[in-house]
Amino acid sequence: MNKIIATMAISVLVSSSALAADFPEPASTITVIVPFGAGGMVDLMARAMAPNWDAKWGTRTVVLNRPGANGQIALTEMLKQKPDGRTIAFTQGFDTQMSYLNAEAKAPYSRSSFIPVGMIQSTPSVWLVRSNSPYRTMGALLDAARHRPGELSFGTPAARGPAVLYLEEFEKKAGARLTGVPFNDAPSLVSALLGGHIDLATSNPAVALPHVRSGRLRALMVSGDTGLKYFPDTPTSASLGLEISKLGSNTGLTLARGTPEATVQAWSAMLEAISLDPTLRERMDELAIHLSYATPADYARAWTATEAEVRKILMRTSGEARPFP
């Protein structure tokens, strides 16, 4: 009996390895799930990148937008599918971790539900006002927020994203209080700013740049200590002496737990290869997206570091955070 069981086990392992080695089958369909609406940075990345792996693999990719709930809708959709590598999801640093660490969200998954495949880009946030705003500098806006606490509205592309930290830092470190207004994605946020419904917004450069170039929006600040070439005259928060978190846009691709290791490696190798493709890099650069590949191990470490930050914030703001399993 033991020999029979051992033989069956070996057969299953060989079969699984063969299936993984065959990934992806030519002419098969790949579904890439985007946790944001059409027109945002992650959506632009998906639609620019997919034709590259389709050309190399002979596959056909469908981009599926599933915005809302800090990515919970998108990730739940991925986890419903068979973990064979043919369904993969974009994950956004901070938003993804918040979706399952926030006890109020009641996400049907945890950290162990996912296999980080690779980071694709990491870019700081840019802070924006309308071009006709009376606030021409970040200093002027903060002065107004100090003198009229809570009157100025601060739009963010997610209800539980880095905005939780930004608002706390403004109040505790800058002595200025803003009223947070969450949106489902960056395009909706920027539309509200253009329409005069909010006073200030933070966004990724890809969504902001066209409106800054057209003269409709003004960039006041870039988060962190490293400037962005897309906004050469815009100061960093560090240069202004503001202790604002460097958390910005950190994007990767993730598979469901149970995906064969060979399939994970196939995806990782593909992401690394296309991230070095000069034509794709030029196209991404035009969109103000800086491709920067990180291995599954490096992406997992970045993911863990972000979890720790999110957990600290949740404990400070609500006194509760779900465990890390």
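In this predicted model, Trp-127 has a relative accessible area of 0% and is therefore buried. Phe-170 also counts as buried, at 0% relative accessibility. The cut-off for buried is under 20%.

These two residues form an aromatic pair. Their ring centres lie 5.5 Å apart. Their planes meet at 80°, so the pair is edge-to-face; that class requires an angle over 60 degrees. The pair links distant parts of the chain. Trp-127 belongs to strand 5 (residues 126-130), and Phe-170 belongs to helix 6 (residues 163-173). The two are 43 residues apart.

The whole structure holds 11 aromatic pairs. Ring pairs also join Tyr-100, Tyr-109, Phe-114, Tyr-299 and Trp-303 into a cluster. A charge meets one of these rings: the charged end of Arg-111 sits over Trp-303, 4.8 Å from the ring centre.

Six strands make up an open sheet with mixed pairing. Their order is 2-1-3-10-4-11. Strand 2 (60-65) and strand 11 (291-294) stand at the edges. Each has a single partner strand, so one side of each lacks a neighbour in the sheet. Neighbouring strands are turned by 25° against each other on average, direction ignored.

Strand 1 (residues 29-34) and strand 2 run parallel and are joined by six bridges. Within this pairing, Thr-31 has Val-62 of strand 2 as its bridge partner.

Helix 3 (residues 72-79) lies across several strands of the model. These are strand 1, strand 2, strand 3 (87-92), strand 4 (114-123) and strand 10 (249-256). Helix 3 runs at about 155° to strand 3.

Technical notes:
Residues are numbered from 1 along each chain as its sequence is written. This is a predicted model: local features need pLDDT of at least 70, side-chain atom pairs count only at pLDDT 80 or more; totals for chains, interfaces and linings use all residues. Side-chain values use heavy atoms; hydrogens and water are left out. Two strands pair if DSSP finds at least two bridges between them. Helices (H or I, at least four residues) and strands (E, at least two) are DSSP runs, numbered from the N terminus. Axes are lines fitted to C-alpha atoms, for helices over the stretch in contact, and angles run from 0 to 180 degrees between N-to-C directions. Contact means heavy atoms within 4.5 Å. Rings of Phe, Tyr and Trp (its six-membered ring) pair if their centres lie within 6.5 Å; planes under 30 degrees apart count as stacked, over 60 as edge-to-face and the rest as tilted. Buried means under 20% relative accessible area, exposed over 50%, partly exposed in between (1.4 Å probe, protein chains only). A charge sits over a ring if NZ of Lys or CZ of Arg is within 6 Å of the ring centre and within 35 degrees of the ring normal.
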